[in-house]
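Reader: I should be grateful for a close look at a single part of this model, together with what packs around it. Please set it out as one connected account.

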Amino acid sequence: MENLPFIIRKMTERDIDEVVRIEQESFPVPWSKEAYLGELKNNFAVYLVCDYEGEIAGYGGMWIVFEEAHITNIAVDKRFRGKGMGRSLLEELERIAREKNALRIVLEVRPSNHVARNLYKSVGFVETSIRKGYYSNNGEDAIVMTKLLF
Ligand SMILES: CC(C)(COP(=O)(O)OP(=O)(O)OC[C@H]1O[C@@H](n2cnc3c(N)ncnc32)[C@H](O)[C@@H]1OP(=O)(O)O)[C@@H](O)C(=O)NCCC(=O)NCCS
């Protein structure tokens, strides 16, 4: 894999237009700009971006409530997929979750999203349950994946 010079850093308000552009190309029911602005003010939330030479190439976030970190969103710009950015975002989220004493990380993923499922498996998540009809756009179930941090 080519070694791209990207860094993972905290998301700021200035990143949000780019984040929302990637969000819209990545998800059937995208979060709005206002939703992301709200997330940046949420004390329980941690949002990161992948910054590739000043350009936002991806982002990811989670809520940490007591001992549980819950990944809300993670996406990489179509042009930059398959270059390790998704994995780096996830690894940094995990590092922060551990630092904040979370004992597990959970997330939901569509059964049809094989790329994301592979990514999560490759960093140690296991499929722990199903949420029936979770996704509002097509009634697809969600697979809940969990990684224990102890
Ligand atoms: C899921 C997503 C964030 C992955 O980001 P990425 O930067 O492309 O992923 P990476 O390059 O870090 O790849 C990490 C692992 O993912 C898996 N993966 C990546 N691309 C893949 C592909 N085309 N086919 C199968 N598995 C793939 C592999 O396990 C890969 O590990 P490997 O390179 O050692 O084989 C990205 O595809 C994306 O934005 N998808 C749309 C939004 C989305 O579905 N988000 C997740 C919602 S739950």
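Author: Helices and strands are here DSSP runs, of at least four residues (H or I) for a helix and at least two (E) for a strand, numbered from the N terminus. The model is a predicted one. Under that numbering, phenylalanine 150 falls in the segment after β7 (142–148). Phenylalanine 150 is classed as exposed because it has 7 C-beta neighbours inside 10 Å, the limit for that class being 12 or fewer. In sequence, 48 residues separate phenylalanine 150 from alanine 102, yet their C-alpha atoms are 9.2 Å apart in space.

The part to be examined closely is helix α3. This helix covers residues 85–99, and its 15 residues should span 21 Å at 1.5 Å a residue. The expected span is taken as 1.5 Å times one less than the number of residues, and the end C-alpha atoms of α3 lie 21 Å apart, so expectation and model agree. After α3 comes asparagine 101, which has a positive phi, near 65°.

The next matter is burial. Within α3, the buried residues are Met85, Gly86, Leu89, Leu90, Leu93, Glu94 and Ala97. Their cover includes the strands β1 (6–10), β2 (45–52), β3 (55–65), β4 (68–76) and β5 (104–109), as well as the helix α4 (114–122). In direction, α3 runs at about 30° to β3 and lies across β1, β2, β3, β4 and β5.

The sheet itself deserves description. It is an open sheet of seven strands with mixed pairing, in the order β1-β2-β3-β4-β5-β7-β6. At its edges stand β1 and β6 (126–131); each has a single partner strand, so one side of each has no neighbour in the sheet. From one strand to the next, the twist averages 25°. Strands β3 and β4 run antiparallel and are joined by eight bridges. Opposite glycine 60 stands isoleucine 74, which belongs to β4. A further helix, α1 (residues 16–26), also packs on the sheet; it touches β2, β3 and β4, and its direction makes about 85° with that of β3.

Two loops between these strands carry an unusual backbone angle to note. Glutamate 53, in the loop between β2 and β3, is not a glycine and yet has a positive phi of about 50°. Glutamate 53 counts as exposed because 9 C-beta neighbours lie inside 10 Å. In the loop between β3 and β4, phenylalanine 66 likewise has a positive phi of about 50° without being a glycine. Phenylalanine 66 is exposed too, since 9 other C-beta atoms are within 10 Å of its own.

Finally, α3 takes part in the surroundings of the ligand. The shell around the ligand holds 19 residues, and the closest are Arg81, Gly86, Arg87, Asn118 and Leu119. Of these, Gly86 is also among the buried residues of α3. At least two residues of the shell are supplied by each of β4, α3 and α4, and α4 gives the largest share, six residues. By character, the shell comprises eight nonpolar, eight polar and three charged residues. Helix α4 thus appears twice in this account: it is included in the cover of the buried residues of α3, and it contributes to the shell around the ligand.

Conventions: Residues numbered from 1 in each chain as written. Predicted model: local features only at pLDDT ≥ 70, side-chain atom pairs only at ≥ 80, totals over all residues. Buried ≥ 20, exposed ≤ 12 C-beta atoms within 10 Å, placed from the backbone. Contact = placed C-beta atoms within 7 Å. Near = placed C-beta within 6 Å. Nonpolar A, V, L, I, M, F, W, Y, C, P; charged D, E, K, R; others polar. Pairing = 2+ DSSP bridges. Axes fitted to C-alpha atoms, helices over the stretch in contact; angles between N-to-C directions.
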